[in-house]
Amino acid sequence: MKKIIITGGAGFIGSHVVRRFVKKYPNYLIVNVDALTYAGNLENLSDIEDEANYVFEKADITNAEQLNVIFDKYGVTDVIHLAAESHVDRSITNPLDFVYTNIIGTVNLLEVAKNKWKDDYSAHLFYHVSTDEVYGALGSEGLFTEETRYDPHSPYSASKASSDHFVRAYQDTYGINVLVSNCSNNYGPYHFPEKLIPLMINNIINNKPLPVYGDGKYTRDWLFVKDHAVAIDLIFHDGKIGDTYNIGGFNEWKNIDLVHLLCEQVDEKFGRPSGTSKQLITFVKDRPGHDRRYAIDAGKINRELGWQPSVTFEQGLSETIDWFLANKTWLENVTSGAYASYYDNQYSNS
Ligand code: NAD
Ligand code: DAU
């Protein structure tokens with residue numbers, strides 16, 4: 001029986017991965033290890049919290065003692081590692097938080113796994129969930145492949161790049177079985193409203209300005225979060241040990257075009273005249289070191305594991321907006337308290 005730690009399971013992507021594994025694999029024990037930072041929220045998992053094959057452990061991945069206890073308590077066989085500081089703007093303000101969690105936390109987790117699994121590394125797997133931002137920025141042409149040279153620009157992407165290198169170093173040096181995947185921008189239910197799509201939805205709902213950085217022509221490749229969870233499931237079970245898999249949506253959007261689409265969809269759902277929400281768009285000062293374009297070549301995971309996105313962007317976005325409109329209490333809860341001061345600091349000098 002697999003006893004899998006999923007770190008960061010109370011966060012955005014982690015909660016979708018936990019839900020998928022708990023429901024699909026009743027014979028696995030899923031141990032959600034999360035420190036419950038501002039981004040972690042057990043409300044994201046209220047529908048599965050009573051399942052027999054699920055447990056939650058509040059723990060910080062930088063704390064070896066806490067991890068040792070959890071590994072022993074459950075006889076942990078595998079790790080799927082998502083816990084991280086994940087927001088680029090916060091990494092610009094507080095880079096050390098990203099060093100502690102993303103680099104030191106990952107190495108700490110690797111060390112605990114290395115010690116606990118030393119009798120037989122072949123029976124265990126450490127799967128590290130990473131980002132396409134490690135590859136840097138593209139011009140108007142080209143795609144990131146698994147062979148693209150690392151070239152991170154933000155403290156966030158530099159910390160994720162470092163953690164990727166450590167994960168691979170633990171395979172090469174100690175023989176731990178590892179897998180790494182690098183995914184493009186996710187969107188969907190439970191997305192914390194500091195990121196572009198949920199922030200814009202929340203501001204449209206509340207009739208607040210829609211802050212678009214710079215000229216708005218920065219480009220991202222968007223993937224529905226449930227499709228990322230499917231990819232993680234496939235890679236965990238069928239990925240080739242030691243390999244890297246790029247995951248993307250084949251779905252590039254300039255930010256300004258995406259914000260226009262969001263405005264139109266929300267206006268339609270609210271029955272407002274078309275163009276109402278677009279009046280809220282405000283161009284604000286740019287993000288320092290802003291990567292111009294990300295785009296993933298997800299050909300390898302498609303060819304080797306048969307994965308491809310299951311929903312169109314219009315469907316995924318519509319489901320996402322519907323979810324936020326139906327879950328206003330969730331939105332109010334996560335935007336109360338510390339969110340207001342974060343928002344003021346981030347956007348007040350714009
Ligand atoms: P998130 O910020 O929504 O969630 C992160 C979770 O990690 C939270 O529940 C938080 O409480 C937890 N956490 C933070 N520090 C911790 C610590 N020290 N110990 C234990 N738990 C801690 O992040 P997300 O958007 O769900 O991203 C999850 C992972 O996927 C990250 O590793 C991120 O780099 C990667 N990723 C994200 C995206 C994206 O578009 N969001 C795309 C590709 C890869
Ligand atoms: O590519 C994967 C990465 O995608 C993940 O690794 C990160 O964890 C995740 O946060 C995301 O990073 P981005 O920086 O691309 O996402 P964000 O939603 O912060 O910004 C998307 C784009 O929108 C980017 O070009 C900046 C712009 N933006 C963002 C915000 C929050 C705005 O124009 N205005 C905003 O208010």
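**Close-up 1. The residues around ligand 1.** This is a predicted model, in which local features need pLDDT of at least 70 and side-chain atom pairs count only at pLDDT 80 or more, while totals for chains, interfaces and linings use all residues. Residues are numbered from 1 along each chain as its sequence is written, ligands are numbered from 1 in the order in which they are written, and side-chain values use heavy atoms, with hydrogens and water left out. Ligand 1 has 28 residues around it (a heavy atom within 4 Å), and I13, D34, S86, Y156 and K160 come nearest. By class, that's 14 nonpolar, 11 polar (Gly counts here) and 3 charged (Asp, Glu, Lys or Arg). Strand β5 (125-131) supplies at least two residues of this shell; in fact its share, 3 residues, is the largest.

**Close-up 2. Polar contacts of ligand 1.** Here we look at pairs of N or O atoms within 3.5 Å. One oxygen atom of ligand 1 sits 2.7 Å from a backbone N or O atom of I13. At T37, a polar backbone atom is 3.0 Å from an oxygen atom of the ligand. The side chain of D60 has an N or O atom 2.9 Å from a ligand nitrogen. Taken alone, ligand 1 exposes 840 Å² (Shrake-Rupley, 1.4 Å probe), and the protein buries 96% of that.

**Close-up 3. The two sides of helix α11.** In α11 (a DSSP run of H or I, at least four residues; here 328-335), W330, L331, V334 and T335 are buried (under 20% relative accessible area, 1.4 Å probe, protein chains only). Seen down the axis, they fall within an arc of 120° (directions from axis to C-beta atoms), so they line one face of the helix. On the other side, T329 and E332 are exposed (over 50%).

Conventions. Polar contact = N/O pair within 3.5 Å; in protein donor to acceptor, adjacent residues only side chain to side chain.
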